[in-house]
Amino acid sequence: EIVLKRPDLSCRISTQGQDIVVKAEPVDRVVDTTAAGDSFAAAYLAARLTALEDIDAIRQLKARYLRCCDLKKVDELRDTFLPGPIRIEYQNFPVFTDRDAFLKVYQEMACQDGVYDIHHASNGEIALTGPDTATGKWSLNFRTILLATRSVTRLGVEYEDVYRKQDGRWYMVLGAQDVQQR
């Protein structure tokens, strides 16, 4: 990534094949330009660091969600969803608009003796869409093992999630998937 301050008071950012020009906001009166470049650099680095920390927090949230599904940790699973209205659209299930309705069905189906699930997510693409919002796309390799029927079901799932940051913490607010059975 390259950041250049330009004489016309704009900034040019070249990163990952993109070339972005950001114009400076005009001010009525300049008071002091001492350390203006240092302040610019510090603010830019702080913003980049915050974005990287947010993306990492969302990756950890998704991993925690999947691990809680596998280990049947219902209370911790509940805590990955934002309290209040959410939307979960999983193929072949009703649309859920709150986390407790989803968890009720999850407990009935997955939290039974002899039911073992394995969730492996990969190819995560996270985009910060605002200071407190983000989207994510994931490829999921899912297996469920049912001892009673001595069967294994394997699914390839593409997820599209929406995340929201509240009180400094990221939560899932929308989960949608497209299932491809293999």
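**Exercise 1. In which strand does T144 lie, and is T144 buried or exposed?**

Solution. The model is predicted, and the steps below read it residue by residue.
- Step 1: Locate the residue. T144 belongs to strand β7, which covers residues 133-146.
- Step 2: Take its relative accessible area, which is 13%.
- Step 3: Compare with the cut-off. Buried means under 20% relative accessible area, so T144 is buried.

**Exercise 2. Find the residues that T144 contacts, leaving aside neighbours within four places in sequence, and name the side chain joined to T144 by a polar contact.**

Solution.
- Step 1: List the contacts. With neighbours within four places in sequence left aside, T144 is in contact with V115, Y116, D117, S151, V152 and T153.
- Step 2: Look for a polar contact. The side chains of T144 and D117 are joined by one of 2.6 Å.

**Exercise 3. Describe the surroundings of F96, beginning with its strand.**

Solution.
- Step 1: F96 is in strand β5, residues 96-98.
- Step 2: The relative accessibility of F96 is 6%. The cut-off for buried is under 20%, so F96 counts as buried.
- Step 3: Not counting residues up to four places away in sequence, F96 touches I86, R87, I88, A101, F102 and V105.
- Step 4: Turn to Y106, ten residues from F96 along the chain. The C-alpha atoms of F96 and Y106 are 11 Å apart.

**Exercise 4. Work out the layout of the sheet that contains β1, β2 and β3.**

Solution.
- Step 1: Write down the order. The sheet is open, has three strands in the order β1-β2-β3, and pairs them antiparallel.
- Step 2: Identify the edges. β1 (2-5) and β3 (18-23) each have a single partner strand, so one side of each is left without a neighbour in the sheet.
- Step 3: Add the angle. Direction ignored, neighbouring strands of this sheet are turned by 15° against each other on average.
- Step 4: Examine one pair. Strand β2 (residues 10-15) and β3 run antiparallel and are joined by six bridges. R12 stands opposite V21 in β3.
- Step 5: Place the helix. Helix α1, residues 36-71, lies across β1 and β2 and runs at about 150° to β1.

**Exercise 5. Where in the chain is confidence lowest, and where is it highest?**

Solution.
- Step 1: Start with the whole chain. Its mean pLDDT is 89, and 97% of its residues reach 70 or more.
- Step 2: Compare elements. Confidence is lowest in strand β9 (residues 169-181), with a mean of 78, and highest in helix α2 (residues 74-78), at 96.
- Step 3: Apply the general caution. Predicted coordinates should not be read in detail where pLDDT is low.

Definitions and conventions:
Residues are numbered from 1 along each chain as its sequence is written. This is a predicted model: local features need pLDDT of at least 70, side-chain atom pairs count only at pLDDT 80 or more; totals for chains, interfaces and linings use all residues. Side-chain values use heavy atoms; hydrogens and water are left out. Helices (H or I, at least four residues) and strands (E, at least two) are DSSP runs, numbered from the N terminus. Buried means under 20% relative accessible area, exposed over 50%, partly exposed in between (1.4 Å probe, protein chains only). A polar contact is a pair of N or O atoms within 3.5 Å; within protein, one must be able to donate a hydrogen and the other to accept it, and residues adjacent in sequence count only if both atoms are side-chain atoms. Contact means heavy atoms within 4.5 Å. Two strands pair if DSSP finds at least two bridges between them. Axes are lines fitted to C-alpha atoms, for helices over the stretch in contact, and angles run from 0 to 180 degrees between N-to-C directions. pLDDT is the predictor's confidence in each residue, from 0 to 100.
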